[in-house]
Structure formats: structure tokens, C-alpha cells
Amino acid sequence: QAIYRKDYTPPSYWVNTVEMGFDLDPDLTRVATRMTLSRNIGSRGKSLVLYGESLELVQLRMNGKEVGKRGYTLGNGVLEIFNVPAEVTLDIETALRPNQNTSLMGLYTSNGNFFTQCEAEGFRKITFFPDRPDVMATYKVMLRADKDKYPVLLSNGNLIEEGDLGDGRHYAVWEDPFKKPSYLFALVAGQLVCQEETYKLQSGREVLLQVWVEEGNLDKTQHAMDSLKNSIRWDEERFGLELDLDRFMIVAVGDFNMGAMENKGLNIFNTKFVLANPRIATDADYAGIESVVGHEYFHNWTGNRVTCRDWFQLSLKEGLTVFRDQEFSADLIGTDSGRAVKRIEDVRVLRQAQFPEDAGPMAHPVRPDSYVEINNFYTVTIYEKGSEVVRMYQTLLGRDGFRKGMDLYFQRHDGQAVTCDDFRAAMADAGGRDLSQFELWYSQAGTPRVKVETRYDEVAQSYMITLTQSCPPTPGQPNKLPFHIPVAVGLLDSGGRDMPLVLDSVEGGDDRSVAPTTMVLELTEPSQTFHFRNVREEPVPSVLRNFSAPVILDIEYTDAQLAFLMANDSDAFNRWEAGQRLAMRRMLALTEAVKNGEALDRNADENALGAAFRATLTDNALDPAFCELALTLPSESVVAEQMDVVHPQAIHQVRRFLRRALASALRFQWEVAYQSNRTPGAYSPDPVSAGKRGLKNLALSYIVELDDGDAHKLAQSQYDNANNMTDRIAALSALVNSNAPGKDAALASFYEDFKQEALVVDKWFSLQAMARHTDVAAVRELMNHPAFSLRNPNRARSLIFSFCNGNPAQFHAPDGSGYEFWADQVIALNTINPQVAARLARSLDRWRKYAPELQDRMRAALQRVAATKSLSKDVHEVISKSLAH
Ligand code: ARG
Ligand code: ZN
């Protein structure tokens, strides 16, 4: 039942206009749709295929005449109408049940209000339609509903009429002047209130901005509004792109499958990415809101004005838009070190989530060749690796070249549904470059490895860097062709300064004052050697600066070289990277020791690592936000990826051991860092304050590893005195992961204080799910808590996903109880919400990397899910791929 990219054919009919009338009722909503269609020139047949799911077909008319039973067939989600004229008007009436829609796709209710989610294929749960992104039409929508229960009626575009229907009901008519694919359709109806502002664009035009929330949440919308205004300004300044509507709305909903949705003019958001005030939101929440508000806003051009021809091209809009939101956040911070911190955070996500995906059973190219369920392909590969691919154009073409490519892309394709090839062609043509080999980034899955070998010739004063690439097999792709990889390098002299770089192949260029200190080497062959001349002493190479390509770099450094790079590299990303390598090396060695039954020496002082950490911690010139990242050990799951046979408990033990060793060796320095990074006064989420809090709270977490009375007191007093959620939750987490006497009381009072705030209750569940004492039985117990619900995706994620993905040592309990729990929840979620179930199904992706006994237990759990009756295709695709690879 897979769909293949190679099978793409244009639609047989285009839709020109769509008019819809909704009679909104939670139990039975009626939708009358009138659309005008024109047969595609060159299309052979006269039959029209429309998709529809979980719908009742009430009426079907063609050019005003009822279509008889012999005029169409209906089954398996397809309505096929025969003998359709070249120009035709269809009237379709459907009936649907929003209250029973727990999939949260199409039209559904959340806390009594109506919402829609149509991407990717949700519109077909509202009416029968050629629900594919290359069919673009203009929409006019009339909403009718009870006035008291649903005072607010919203849809895409501009409000052109509203009024009373006399019978206790009212109506509103919305018109979207821009052609759009059906996946961008949206409506919202219910009891909502908004914060609104008029905002002046650079052109002088004024637009209305609104953030809609449930009553009682208006004290949590300011940050989203500020983020929206910053997004609008940034897209004007950086890309010359203006908001094309007079009105732009954001609506928050508590039941939502993903983060947010870029519906034209009516973005619908998970509350998690809208609601914030210091009491309930952390610094990370504030940053997440800023980037998601930006992301959805930027889609207005990259996604909506120029959309995807088919869903295989999803990364065309998602990879590009993630790149844009990453650049937006980096530009807002503004400082060099702030940009580096943002870059490190983004790369961390890539390594933590995308590298494993690329090495596992669900590995797929940035532009997949096939899928069973498109919802399974809203992945870190499509989004985050897709963003890295876009970033590489900018690295290859330069900022200006990239901007020219973007301009050309819009010049050529505004109003169209296009492909990743079209984007690449715009970049190539604008930059005057051959980017044909670059296509392999879209078609080949797997994370490439680049091996680095160097040779210094003292007599010739030359330095050689040999880069050799390879890419492991992935499902369906046993052999790979060489990629076009931009590798940014620098060379450090013994004083830690950047050397001027002169390639041997370049004529002249001996003027050292103009020689660059970072150079992008383009690796296109399996192996290439680059010669530098005038190299006065043997340098320490700094390779893949700023993570210039999404690859794994194999490079041999001594501990001393890593410490040197950590202290001196002008590239902040590689300074961080050197520290991570040093830590990873130590963690892997210790894990090996534990696996061999050796005891970890509690008093071992961590020499190389300890010295490097000490240097970072005591360097007052360093940005606290950078320090926090540099002093955080690689996560357990990142370490696991480095091992051939994963031993989760050993990794956990080692990471704690190292953290304790670093805590005790540097206790005084942690205390100093704690005290000197306090942020007294009113809370502000700005990056400088957030960076300080981050370092302070990291220091707290190290100190609490020592689990003594002073440490407990420090955490307890921070908990008691916090004036913001960042500090409060950090203190609570420190307490819960220690043996502090006050931990249970703190957990209980936290719940009492915040039980009215759903997003904070999520944090409360999540923190416990990931705590080191929390085992499978404790999680099952938490599921019985009155506040727990499997139906709400945020709540399910906060407890179940947090445990399965965020507590590896407990989840992988040797008796397999974690896997049984996982299977139970996948099966339960499968009937409620297949999309969420399929996400959870992926927690066992890497099952083949574990010891045989664990593998057996995981296989059994996978097979139990596979054997479940009426498995959704979402879950089935994930499980069957896991079992097959
Ligand atoms: N386009 C949305 C975004 O990236 C994601 C929506 C995906 N939703 C889904 N049900 N697959 O912001
Ligand atoms: Zn997106």
C-alpha cells in the first residue's frame, strides 16, 4: 500500500473556486461545498477522483443535477465520479462528527471549541476533495453556529461579512484572496478572546495581528505577539518578504498533534508554543515560542505562496522554513557568541534525533521515494536535516548568493506548487554554479562520514588535509554515491591563533593580510587532498567549523589537542565540539570498563576532562550560555549511538559517575558559578539572562549530584524562593533526582500550585517520568493520576514519551517490563490517535543495537503490536519497518 514518488501524475481536474458553508454542531456538523473545476489539458479520462474519510455523503450534484447511483462509486476513502464535463460545478454535502474525532485531523473539538488540522490529508475528513497540494483554489467560507456557545468564528483570509441568523445562531463569511492547497484550509469557532494590535509594515501598510486564546489566558500572549512582530520585521529585512494579508491570526489549542500549523492567515498552535508568562514558562519555552511563531509565519512565503507539488517534496517547505526560523532566532540574539550557542543547540537536536533516525529502520532521504502514511514523514530528517541541506547552499554560495537564489525562487514560482529540484535550480542559476551532484543530499539517506588525515611537511612548509567520505547502507539503498560536502576548515598555530590559509592550487595569494582564516573545502570525490602552503609550523586543524555539513567527522586528536582546541579555537562551535569529544572518549572508555565488570573508582579525579572543565568554568570572559553547553556531558542517548552494543544502565552509571566526579573536583567553582550567575530582580527571558540561569541551574544540578545537606539546602531554597518557572522547575528536578528530604513535599506542592495550568502539569508529569528513580511501575501508577489522559497528546507525551525516550536506564529494564508498557500504550493510542501512536511506536527504532536478551524482548513487544487487530496504517508502517530492518 506504499505510494511512490515516481508515480506522480498531474491531477485530471483543477479546482478553481471553493465555497463552503458550515453548520457547526459538535455532534453532527453539516458541510455544503460548491466547487468549480476545469479538466486539465492533456488529461485523458473524464472521471474525477475525490478523497473522503470518516464522512457521510449527504448529497452530490453536478452542474445542479443530482448524480445518480450509477454516476459514481464510493469506497475505501475514494469517491469517483464518471463522465465529468471539462468545466463543471460540483455541490457536495457531507456530515461529520467533530466530537468523536479523537485523531485531531480534520474538524474536531477541544474543550468545547472547534478547530481544524488539514495538513497533510485532513481536508478529506471535511469534504470530498482532490486533497493534494498541487490543486490550488480560492476559498470563501461561511460559518454558522450557536451564538452563545461559539461567539467567535474564524477562517482564512479576510472577514467580509457577519451577522445574526435570528434563531440564536449567527454567521461569519471569510474570503481568502490567495489560491491555496486544501491542506492550508482552517476554521476555528468557540469561546475565545484575543490580544490584538495593529502593526505597520515597512511599506507603511497597516495590518491587524491577533493572538486568540481561551478566556483566562490573556496574561500569557504577549511573548507570542512580540515574536510575531519580530518575525514580520525579520522577513522584510533579511529576505524582502512582506506579509500579504491585512490580518494575521494565531490561535492556541490544547489538543494538537504537532507544534503548530501555518494555515493561511490563521495559524493554529499547540498551546505549548503560544502561552507564556514567567510563572508558567521556562526560558526554553520562551525560545520555543519565538522559533515556532517565526516558523509558521515564515511558511507564509515558503510553503504557502510557493507550495509543494506533492508530499514527497515536504522538505521543500519544511527544511527551508526550519532554516529560516533558525536564522531568525540567531539574528534576534545578535551577538557572535549567541549565534554560536543557537547553532550548537540546533546541531545537538540533529545529533540526538536525526542521526539515529538516519541509522535506523525508518531512515529515509530528505526527499523520500515512497511512504505508506505521510504523517509518519514529518520527521527530523525532513525538518532538521532538510534545514542543514538548505544551510549548505548558503555555505556554498555565501549569504548574498543565497539571497539571490531565494529571490529567483520566488520570481519563478510564486503561486505555484513545485519540487525540491526547482529550489535547487534557482540556487544553481542565481549562483552560476553546477549543483547537480548536490541532488544526492535529497535522494540518498544515511549520515555521511568524513575521515580526516593530515600531513605536515616542515621543509616544504606545506600542510595536507585528506578528506575521505563514505555513507553506510540504509533500507533500500545499499550503495551510495559521493556527496558534495562543504567542509569549513581553519588551522591553529601553537599560540592558538588562526593561520592565514593559502591553497597550493591558487595562483598568487601570498598576501597574508588578505588570506582568509576559515576556508570552505568542497569535497566531491570519494577522497580528496587539499594542500596548503606557507604553513610555518605544524598546525592543529579545526575541521567542519560551525558544523558546515550534516556529517560525522572521523578525526584523530590527542587529549591535549582537544583541550587546546577547547581553549583556543576561534570557531565557537568547534570549541564546544572539542570538549564533547573529550567527554565522549572518556564516557565510552568507562562504559566499556563497566561492561567488563570493573568498578568505577569513586575517587578518580578526572584529569584531562576535569582540567578542561575547570578552564571553561573559570574563564570569566566566556558567555554563560556557551559555558552551559560546554559543561554538559553528551546525553545518554548520544553516547548509546556511539556503541555497537548499547548497555543503557552502564551508560547511565558512567554519566552519573562522571558528573559526580566533576561535581566534587570542581565544587568550589560550581558554587562560584552558581552565585555569580544569579539574575536578581524581575524575570526577563532575554538570551543573556537565560544564559546565566542556564549556567546557574547546571551548576545546581552538579552540586546536587553530591547529595549532601548543603546541596539539598541550596536546591530547596531555590525552589522556595524562585520567582519564575525556569528556576522553580530546575530546583524541583534537582530535588527529585536527589535524596533530599523535601523532595516529595516539593512535588506535591508544585502540583497544588499549578494544577490549573495544563502546560505546567505536563512538566510535572514529564519531570517525574525522566527522574532516575522512576521505574515502569511508578509510571503505570502515574497513569492513574486523575490529571492523566491518553487522549490529550501533550499529556500523553509528557508522561509516556518522556519515559520511553527520556529515561533509558529504566525503560530498558532487563526484564522487558518497559517494552511491555510501551506496547500497551502504542496499542491503546492506536485506536484513539494513530498519529501519536505511530510516534510512540518509534521509541524502539534502535532495538537491534542492544544485547541479544534485550533484543528478544523488544522483538516480542514489536510483534505483539504488529499482531494487534485494526492497526492503523500509521503504526503498521513504523512497526513493520522496524521488524524488517
Ligand atoms: N506544517 C506544520 C509545521 O511544520 C506541521 C503540521 C504537520 N501536521 C501533521 N498532522 N502531520 O509547522
Ligand atoms: Zn513547518
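## A walk through the model

Start with the stretch that has a record behind it: select residues 224-438, which UniProt, in an unreviewed entry, lists as "domain: Peptidase M1 membrane alanine aminopeptidase". Bear in mind as you click around that this is a predicted model. Colour the stretch 224-438 by secondary structure and you'll get 56% helix and 9% strand. The C-alpha atoms at its two ends sit 37 Å apart.

**Zoom out**

Now show the whole protein as a cartoon. How many helices and strands does the protein have? There are 26 helices and 31 strands. With 885 residues, the globule rule gives a radius of gyration of 29 Å, and the protein comes in close to that at 28 Å, so it is as compact as a globular protein of that length. Turn on a bounding box along the principal axes and the C-alpha atoms fill roughly 90 × 70 × 60 Å.

**Ligand 1**

Next, centre on ligand 1 and bring up its surroundings. A shell of 15 residues is there, and the closest are Glu119, Asn257, Met258, Asn375 and Tyr378. Try colouring the shell by class: you'll see five nonpolar, six polar and four charged residues. Then highlight β20 (260-261) and α2 (283-298), as each of these supplies at least two residues of the shell.

**The five-stranded sheet**

Keep β20 on screen and add its sheet. Five strands make up this open sheet, running β17-β18-β19-β21-β20, with mixed pairing. Which strands stand at the edges? They are β17 (193-200) and β20; each has a single partner strand, so one side of each is left without a neighbour in the sheet.

Move inward to β18 (residues 206-213) and β19 (residues 247-253), a parallel pair joined over five bridges. To find your place there, pick Val211 and look across to Ile250 in β19, which stands opposite. Now add helix α1 (residues 222-239): this helix packs on the sheet and touches β17, β18 and β19. Line up the view to compare directions, and α1 makes about 145 degrees with β18.

While side chains are on, here's a general thing to look for: in a regular strand they alternate between the two faces of the sheet.

**A hairpin to finish**

Last stop: select β7 (residues 72-75) and β8 (residues 78-81), which pair in the antiparallel sense over four bridges. Tyr72 is a handy marker, standing opposite Ile81 in β8. Then look at the turn, where two residues lie between the strands of this hairpin. Click on Asn76 and check its backbone: phi is positive, near 55 degrees.

How values were computed: Residues are numbered from 1 along each chain as its sequence is written. Chains are lettered from A and ligands numbered from 1 in the order in which they are written. This is a predicted model: local features need pLDDT of at least 70, side-chain atom pairs count only at pLDDT 80 or more; totals for chains, interfaces and linings use all residues. UniProt positions are given in the numbering used here, feature names are shortened, and annotations may be inferred rather than shown by experiment. A residue is near a molecule or strand if its C-beta atom, placed from the backbone, lies within 6 Å of it. Ala, Val, Leu, Ile, Met, Phe, Trp, Tyr, Cys and Pro count as nonpolar, Asp, Glu, Lys and Arg as charged, and the others, Gly among them, as polar. Two strands pair if DSSP finds at least two bridges between them. Two residues are in contact if their C-beta atoms, placed from the backbone, lie within 7 Å. Axes are lines fitted to C-alpha atoms, for helices over the stretch in contact, and angles run from 0 to 180 degrees between N-to-C directions. The radius of gyration is taken over C-alpha atoms; the globule rule is 2.2 Å times the number of residues to the power 0.38.
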